[in-house]
Amino acid sequence: MADAPTSAVPSRTHLVLIPSYNPGPKVRETVLGARAQWNPVWVVVDGSTDGSAALLQRMADEDRGLKVLLLPQNSGKGAAVLHGLRRAAQEGFTHALTMDSDGQHPAQLIPEFMQRSQQQPAAMVLGKPVFDADAPRLRVNGRKVSNFWANLETLWNGIGDSLYGFRVYPIAPLVRTMQGQRWMRRFDFDPEAVVRLSWSGVPAVNIDAPVRYFQASEGGVSHFKYLRDNTLLTWMHTRLFLGFVARLPVLVWRKLMR
């Protein structure tokens with residue numbers, strides 16, 4: 001695989017983790033782009049049925065910097081990330097940069113995000129999306145609602161964007177948070193992760209990052225279902241708001257101490 005830097009020295013602490021479910025033709029380009037910037041890259045295939053698992057496994061067979069983990073059935077983005085995090089922790093990794101497999105996220109910014117994480121290892125490094133002119137207005141405006149609630153639930157503790165999945169997590173606190181409750185396994189993973197990590201004292205660092213929505217004619221694939229996923233987000237923020245109320249004295253005290 002000439003496109004991937006197989007000679008790059010692998011990081012022992014930070015890896016790129018890509019959950020993938022029926023990603024479409026952009027997946028090869030996405031993985032090659034990530035490998036061009038970082039070593040190692042892991043892909044968690046979340047029960048895909050589109051043939052991408054076989055493609056990714058062939059790529060991994062030719063590239064020591066790429067590992068493919070296979071889940072037998074689709075369990076959701078959060079469940080796929082948790083599976084990868086557990087395996088990464090077992091192998092001694094401390095941080096994981098998550099990104100989508102459909103080409104929307106900027107692989108060229110991986111080194112910058114990793115460097116910031118290495119400088120501030122206790123923090124989560126969050127991408128703050130910069131949209132192009134083709135971004136669906138419904139999606140762009142809809143995320144403003146989720147961002148408002150996430151910031152309220154954390155007393156405006158620095159979350160630049162709650163939904164953008166291009167970010168670096170410290171693995172240990174995220175695994176503890178996810179194992180402590182049964183949510184965060186599907187589309188609700190990204191916003192709930194940043195809120196709950198903020199509650200546990202993990203600070204947020206924000207970096208602007210472009211996001212691109214591809215049309216179907218360009219190989220774009222979307223698994224977003226407006227009614228289903230917005231219902232899931234509404235239920236999530238209801239739960240988080242109740243948790244916020246219970247934690248309010250502690251959150252206020254922390255804010256005053258800062």
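# Strands, salt bridges and a nonpolar patch

User: How many bridges join strand 5 to strand 7?

Analyst: Strands here are DSSP runs of E with at least two residues, helices are H or I runs of at least four, and both are numbered from the N terminus. Two strands pair if DSSP finds at least two bridges between them. Strand 5 (residues 124–131) and strand 7 run parallel, and the bridges joining them number 8.

User: What kind of model is this?

Analyst: Residues are numbered from 1 along each chain as its sequence is written, and side-chain values use heavy atoms, with hydrogens and water left out. Local features need pLDDT of at least 70, side-chain atom pairs count only at pLDDT 80 or more, and totals for chains, interfaces and linings use all residues: it's a predicted model.

User: Back to strand 7: which residues point to the buried face?

Analyst: In a regular strand the side chains alternate between the two faces of the sheet. Strand 7 (residues 204–211) does just that, with Ala204, Asn206, Asp208 and Pro210 pointing to the face that isn't buried. Buried means under 20% relative accessible area, exposed over 50%, and partly exposed in between (1.4 Å probe, protein chains only). The other face is buried, and it has Val205, Ile207, Ala209 and Val211.

User: Which residue of strand 7 is the bridge partner of Phe131?

Analyst: We've already met this partner on the buried face of strand 7. The residue bridged to Phe131 is Val211.

User: Are the two faces of strand 4 covered or uncovered?

Analyst: Take strand 4 (residues 95–98) one side at a time: His95 and Leu97 sit on one, Ala96 and Thr98 on the other. Every one of those four is buried, which leaves both faces covered.

User: Which strand pairs with strand 4 in the antiparallel sense?

Analyst: Strand 4 has a parallel pairing with strand 1 (residues 14–20) over 4 bridges, where Leu15 is partnered with Ala96. The antiparallel pairing also has 4 bridges, and there Leu97 is matched with Val168. That strand covers residues 167–170 and is strand 6.

User: How far apart are the closest N and O atoms of Lys77 and Asp100?

Analyst: A salt bridge needs a side-chain nitrogen of Lys or Arg within 4 Å of a carboxyl oxygen of Asp or Glu. Lys77 and Asp100 make one, with the closest N and O atoms separated by 3.1 Å.

User: Where do those two sit in the chain, and how many residues apart are they?

Analyst: Lys77 belongs to helix 3 (residues 77–90), while Asp100 is in the loop between strand 4 and helix 4 (110–119). Lys77 is partly exposed because its relative accessible area is 23%, and Asp100 is buried because its value is 18%. The pair links distant parts of the chain, at a separation of 23 residues.

User: Which residues are in the salt-bridge network with Lys77 and Asp100?

Analyst: The whole structure has 9 salt bridges. Some are linked into a network, in which Lys77 and Asp100 are joined by Arg167 and Asp190.

User: Is Lys26 buried or exposed?

Analyst: Lys26 forms a salt bridge with Glu29 (3.6 Å, N to O), and both lie in helix 1 (residues 26–37), about one turn apart. Glu29 has 52% relative accessibility, so it counts as exposed. Lys26 is at 12%, so it counts as buried.

User: Which helix holds both Glu192 and Arg196?

Analyst: These two are salt-bridged, with their closest N and O atoms 2.8 Å apart, and both are buried. They are 4 residues apart, about one turn of the helix, and that helix is helix 7.

User: What is the relative accessibility of Asp188?

Analyst: Asp188 is in the loop between helix 6 (171–179) and helix 7 (189–199). Leaving aside neighbours within four places in sequence, its contacts (heavy atoms within 4.5 Å) are Trp183, Leu232, Met236 and Arg239. Asp188 counts as buried because its relative accessibility is 3%.

User: Which elements give two or more residues to the nonpolar surface patch?

Analyst: The patch of about 690 Å² is made by Val145, Phe148, Trp149, Trp156, Phe241, Leu242 and Val245. The elements giving two or more residues are helix 5 (137–153) and helix 8 (226–257).

Methods:
Patch = residues over 30% accessible without salt bridge, like charges linked within 9 Å, V, L, I, M, F, W, Y side chains within 5 Å. Areas by Shrake-Rupley, 256 points an atom, 1.4 Å probe, with all protein chains shown as cover.
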